[in-house]
Amino acid sequence: MTILCTVASIQSIALRQLTLSPLNVRNTQAAVGLEELAALLAAEGVLQNLAVVAQEPTTRHPGKVYGVIAGGRRLRALQLLVKAKTLTEDYLVPCLVTTPDRAVAISVAENSGRRSLHPADEFIAFRQLIEAGRSVDDVAAHFGVSPLVVQRRLKLANVHPEFIELYRTEKVTLEHLMALAITEDHEQQRQAWAGLSVQQRTPHALRRALSQSEVSMREPLARFVGIKAYEKAGGPVRRDLFAQSDDLFLTDAALLNRLALEKLTKKADRLKADGMAWVEVMPQLDFSALSAFERVGKILREPTEQEGVALADLVTRRQAIEAQLVAARDDEEIASTLEAQLLEIEEAEEALHEQRSAADPEQQALAGAVVSIGYDGKLRVESGLLRQADAKRLVSMSADTTDISAGPLSPHSAALVEALSAHRTRALQAVVAQQPAVALACLAQGLILSTFYPGAGDHCPMQIRAIPTQLRALAEDLEASRASVSLQLTREQLQALLPQDPRSVFAWLLGQSSDVVAQLIAYCVALSLDALQTQEGESEADALAVAAGLDVGQWWTPGGEYFSRLSKASILATVSEGVSAAAAASLQGMKKQDLITRAQSLLAGTGWLPVFFRGAWGSYRAPVAGE
């Protein structure tokens, strides 16, 4: 095959003789990256010749002049170097001189045939330069980029080669590589990748899998401890080169938590030394945990002589104005003036009462505090708190308050009823979490009650702000239950879908299907359900349990934790109902621990449920004698 060559030759032409030809076809993005190209030309010279064609002299170029038809960006970059006084206009540029009739064809051929260097090739090349002895600053200056850019590309070059190859073939994105680059351990990268399903292999999920034990310096826990104390204790840190800002990550979460606990404990010890009745350390104190305590109440002390005179005067004036208001009810102007005066008097009375307000000394003697970490990363002290047991002890209980018409006494204590209702609530949460339609109906109910029926919010079992109901402390075996395991699995599946940055959640939600949004709402609604009770009887959550099709028997079975909190007589009654009277009679005289073990064995597989779990909450029906 014969190739026709219509160009003359390659010549060295002074830079002052070159100008951009109107025949050059590149007009789009011609100025992009000129500084970087100029740095390359200054470091390495012009490695690829320009293509030019002779032009008529102009006023600006009176001598022999050549128009550049291919290599316009290189020409502009060289001119930048002249302005920077790095080169002079006498600099000789290698040029391929052609004829006007071939100019456009050559310009099109060069520009259309060019292909940019793949990013993967670029950061591999950066690594090779560093390995050859170049410094980061040297490479940055050579390519006209910042040192941070070089560091980021070197970080990407340390990703396992198999992922870089996937990036070359567009099977993963640059964001995937950035997530994997969190660690330089290739095995950890591969394990994180293999541990996720194909659908779950998002940059966010990879980053979370590789940084589960890390804590951002932006988190309240890290800010509370402080970077100086953490590093002084030997804690390692990691900088995320790909974050928008230079974010620090503390990689030893166990050490960080220990330091935080030590700091909180020191404050708690000081408060106890100052005479506080009790102090608890709770690093993460949210509204739900705080609601487990009651506040010290206020009492009104006897007024001083001066306060008594002032109060009496205000009462006299208020009564006089109220009488005048009755007489002037037909005169709006006078009535308005009198109402303003009455408001001033009422405000003065409230101020005097507030002045007399003081903490109840009996309650204050039992009050304590909780020390925790605030949302701003600073120490938070909540004082004037009463434990529920202390609050109940302060309430006088009359012997005649028991409603004997309510039926036979339950074998369940108030604490056990509360523990059972925790199990019942957790089972309800697990069922509702899988039923978006029911959860949405519950959500709508709460919103409608609070908007159109003030004060009726107690008729809805859901806490409208979606605050998780605290159940763990009420039943020791709760977290091992089937309902808790089911909820945790649902949480992990949903959390894998969410973006890492909370500021992105709203925009992310706008792009999701209604099914995804509804499932997230269902989970949040489920966790906020509060069906706790301390006395047996109807619950505001009964209708919700029926709508959700809940059967507590599928989620709870009577175990040692339950029977250990019953009397021996109640255990025997349970066996008699769930198995037979003969079976219960055979257990008479056994020690309680042996009785518990035997009762569990006999009731296994019977589906027996306490009355508290029946009706709307369970389908168990006690066997009738003779059946």
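Two strands are taken to pair if DSSP finds at least two bridges between them. In this predicted model, such a bridge links Glu 280 to Val 370 in strand S13. The description below begins with the chain as a whole and returns to this pairing at the end.

The protein chain has 627 residues, of which 38% count as buried. Its secondary structure consists of 28 helices and 14 strands. About 36,400 Å² of the chain is exposed, and carbon and sulfur atoms supply 54% of that area. Among contacts between residues at least 6 apart in sequence, 73% join residues at least 24 apart.

An open sheet of five strands shows mixed pairing, and its strand order is S1-S5-S3-S4-S2. Strand S1 (9–14) and strand S2 (18–20) form the edges, each pairing on one side only. From one strand to the next, the twist averages 50°. S2 is joined to strand S4 (residues 65–70) by three bridges, and these two strands run parallel. Within this part of the sheet, Thr 19 stands opposite Gly 67 in S4.

Helix H2 lies across four strands, namely S2, strand S3 (50–55), S4 and strand S5 (92–98), and it runs at about 120° to S2. H2 (residues 72–83) also meets helix H1 (residues 34–44): the axes of the two helices come within 8 Å and cross at roughly 75°. An angle of 65 to 115 degrees counts as roughly perpendicular, and H1 and H2 are therefore roughly perpendicular to each other. On the H1 side, the contact involves Leu 34, Leu 37, Ala 38, Leu 41 and Ala 42, while H2 contributes Arg 73, Arg 74, Arg 76, Ala 77, Leu 78, Leu 80 and Leu 81. Nine of the residues in this contact are nonpolar, three are charged and none is polar.

Further along the chain, helix H10 (residues 203–210) has buried residues at His 204, Ala 205, Leu 206, Arg 207 and Leu 210. These buried residues pack against three helices: H8 (174–180), H9 (186–194) and H21 (482–495).

Strand S13 (residues 368–373) is largely enclosed by the rest of the structure, because six of its six residues are buried. Both of its faces are covered, with Gly 368, Val 370 and Ser 372 buried on one side and Ala 369, Val 371 and Ile 373 buried on the other. S13 is joined to strand S14 (residues 379–386) by six bridges, and the two run antiparallel. One bridge in this pair has Ile 373 as the partner of Leu 379 in S14. The hairpin of S13 and S14 has five residues between the strands, and Gly 377 takes a positive phi near 80° there.

S13 also pairs with S9, to which it is joined by three bridges, and here the strands run parallel. The bridge between Glu 280 and Val 370 in S13 was introduced at the start. Val 281 lies in S9 (residues 279–281). With a relative accessibility of 28%, Val 281 counts as partly exposed, since that class falls between the limits of 20% and 50%. Leaving aside neighbours within four places in sequence, Val 281 is in contact with Leu 261, Leu 264, Thr 265, Ala 268 and Val 371. Val 281 and Thr 265 are 16 residues apart in sequence, and their C-alpha atoms are 6.6 Å apart in space.

Terms used:
Residues are numbered from 1 along each chain as its sequence is written. This is a predicted model: local features need pLDDT of at least 70, side-chain atom pairs count only at pLDDT 80 or more; totals for chains, interfaces and linings use all residues. Side-chain values use heavy atoms; hydrogens and water are left out. Axes are lines fitted to C-alpha atoms, for helices over the stretch in contact, and angles run from 0 to 180 degrees between N-to-C directions. Angles under 35 degrees count as roughly parallel, over 145 as roughly antiparallel, 65 to 115 as roughly perpendicular and the rest as oblique. Contact means heavy atoms within 4.5 Å. Ala, Val, Leu, Ile, Met, Phe, Trp, Tyr, Cys and Pro count as nonpolar, Asp, Glu, Lys and Arg as charged, and the others, Gly among them, as polar. Buried means under 20% relative accessible area, exposed over 50%, partly exposed in between (1.4 Å probe, protein chains only). Accessible areas come from the Shrake-Rupley method with a 1.4 Å probe; for residues, only the protein chains shown count as cover.
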